[in-house]
Amino acid sequence: MPVRKNVVSLSAAERAALVTAIKTMKSKPDPDGVAGNLYDKYVLQHSLTMRTASPPNTDPNVCNMAHRGPSFCPWHREFLRRFEQDLGVPLPYWDWAADQASGSPETAPVWGDDLMGPNGDPASDPVTGRPAQAVTKGPFAHDPADPASWSIIQDSGLPADPTVPWLTRNFGGMQPTLPTPQDVTATLGVTPYDNPPWNVGSQGFRNNLEGFIGPGMHNAAHMWVGGSMMPATSPNDPVFFLHHANVDRIWANWQRQWFKSGKDDYLPVSGGPTGHNLTDGMFPWGAPSTPDSVLDTFALGYWYDDAPAPAVSSLNPATGADTGGDTVVITGAGFMGTTAVTFGTTPASAFAVDSDTQITAISPAGTGAVDVTVTTPAGTSPVSQADQFTYTAATGPQVTGISPTSGSSAGGDTIIITGSGFTGATGVSFDGTPASAFTVDSDTQITAISPAGTGIAVDITVTTPAGTSPPSRAGVFTYITPGPLVTGISPTMGSSAGGDTVVITGSGFTGATGVGFDVTSAADMTVDSDTQITAISPAGTGTVDITVTTPDGTSPASSADQFTYM
Ligand SMILES: [Cu+2]
């Protein structure tokens, strides 16, 4: 699974592979046959989406299919996911707030000649037709003499752009500074995700991150770069994708910060503009590309290099019975997306991720001292003194199994109870009702006779002078009401004169003493097996229930036993 790295962390080989992959997309065809090449497909798709209002026939500057509304975050996540698949290498992100904090964002590594290339040249060149602010160095400089050089495109639905085909940038010209780390922290603190009227005028995290309110964030970074990053065709500048990976990373960190707090949900579920509700198909892809489908980056198969690996800082309690079954609260960090919790090498019997910093787990059986570890796609928690769980020998009796696990509600069944600490047992209980009789066969086995019972599932417990066994899943006994049950008849119709052969299927038929067609007894009957009776119908009219009577009772009437006279 790809890890999206900070662009400053890329190796020279990774920088070269990224630039090659981007330029290669310009030489591949658009599979849709709309744009001139695979890269430009994304330029036109972004521009068209930005020009398409939501709801339809309103103003796209109030809300469009991917901006100025709730789907801003999920739409660009899906857009980048598709682009990254076509790119073939993981997208890095441009952490503009860190560059701003460095004091010289215009010379940050992202603008190196082996990455995105530098700011535009303020001077124009009438000889070549080069406009002011054209990028003249690096991999994405346009050169009219070199057909393989980087060319940007026009969207015919937009006003003509005289700079095309030159990539232009104008650092700080429109917007003097990039957002700061403090701006990022403040934005991460905003909840809920979004609010009515679900557009450019909304309060909430999304509109702060998009930048129409608050410190400007996404919008401010577009404007600080300027030039080709300004119009709806902004993916013309490949830094668009590094910028939006950073925007997506901030959303992922917001999702982690508020994970399971009740404030982390995507909004709206419904009632918002078309394409912006939780399960709306997003423009232009449609379902299954919905906001709901992109909420979990782990599920999408990627995450960012600042996603914390899990770490365990404490257990409560840190000790438990060697038979397992104890509830253990695990505290730490980086638990979002947990795929496994282990006690030593044994998986927890069960676990629930309560928040990014807490997991509740049920201990498996074990011995001695073991490390409790948590695994997410981002890694497994390192073992430490803080994660040690110590098993202690259970005192008193323990039930670890029963056989059979079910019996008659009339009682009288022989139940073998296995476990430990049974020597000297003074009582065996079925949910409070004493066993009719029991024999301690050994320290690990008791034979008990079930009492009559009415409960569906009851706990069998053993009491000795050392205590009573705790109820456990292994000791649950199910009472079954005995008696015959009819589950089918064939045929389901016959003559009103009687004399038809009817095969009755079901259970508990052994020892049957009668078959009724309502209140009239069958003319004849043969018990073929415990699950089948062959009967001869008596004369009758209308629709009747066929019932079977044994010494345990009479089968209840049901739709499965209905026979119609014709
Ligand atoms: Cu956009």
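Two strands are taken as paired if DSSP finds at least two bridges between them. With that criterion, this report describes two sheets and one helix contact in a predicted model.

**The sheet containing S13**

Glutamine 398 stands opposite serine 420, a residue of S15. The two strands concerned, S13 and S15 (residues 414-420), run antiparallel and are joined by 5 bridges. They belong to an open sheet of 4 strands, in which the order is S13-S15-S19-S18 and the pairing is antiparallel. Its edges are formed by S13 (398-403) and S18 (437-442), each of which pairs on one side only. On average, and with direction ignored, neighbouring strands of this sheet are turned by 25° against each other.

At the S18 edge, the partner strand is S19 (residues 445-449), and 5 bridges link the two in the antiparallel sense. Within this pair, valine 440 faces isoleucine 446 of S19 as its opposite residue. The connection from S18 to S19 is a hairpin through 2 residues.

**The sheet containing S3**

A further open sheet has 4 strands in the order S3-S5-S9-S8, again with antiparallel pairing. Strand S3 (311-316) and strand S8 (350-355) stand at its edges with a single partner strand each, so one side of each has no neighbour in the sheet. From one strand to the next, the twist averages 25°.

S8 and S9 (residues 358-362) run antiparallel and are joined by 5 bridges. Serine 355 stands opposite glutamine 358, which lies in S9.

The strand pairs described above are collected here.

| Strand pair | Bridges | Sense |
|---|---|---|
| S13 and S15 | 5 bridges | antiparallel |
| S18 and S19 | 5 bridges | antiparallel |
| S8 and S9 | 5 bridges | antiparallel |

As a general point, side chains in a regular strand alternate between the two faces of the sheet.

**The contact of H3 with H8**

Helix H3 (residues 72-87) packs with helix H8 (residues 239-257) at an angle of about 130°, and their axes are 10 Å apart. Angles that are neither under 35 degrees, nor over 145, nor from 65 to 115 count as oblique; H3 and H8 are therefore oblique to each other. Their crossing is left-handed.

On the H3 side, the residues in the contact are Cys73, His76, Arg77, Leu80 and Phe83. H8 meets them with Phe241, His244, Ala245, Val247, Asp248 and Trp251. Sorted by class, the contact of H3 with H8 comprises 7 nonpolar, 2 polar and 2 charged residues.

Terms used: Residues are numbered from 1 along each chain as its sequence is written. This is a predicted model: local features need pLDDT of at least 70, side-chain atom pairs count only at pLDDT 80 or more; totals for chains, interfaces and linings use all residues. Axes are lines fitted to C-alpha atoms, for helices over the stretch in contact, and angles run from 0 to 180 degrees between N-to-C directions. A crossing is left-handed if the near helix is turned anticlockwise from the far one by less than a right angle, and right-handed if clockwise. Two residues are in contact if their C-beta atoms, placed from the backbone, lie within 7 Å. Ala, Val, Leu, Ile, Met, Phe, Trp, Tyr, Cys and Pro count as nonpolar, Asp, Glu, Lys and Arg as charged, and the others, Gly among them, as polar.
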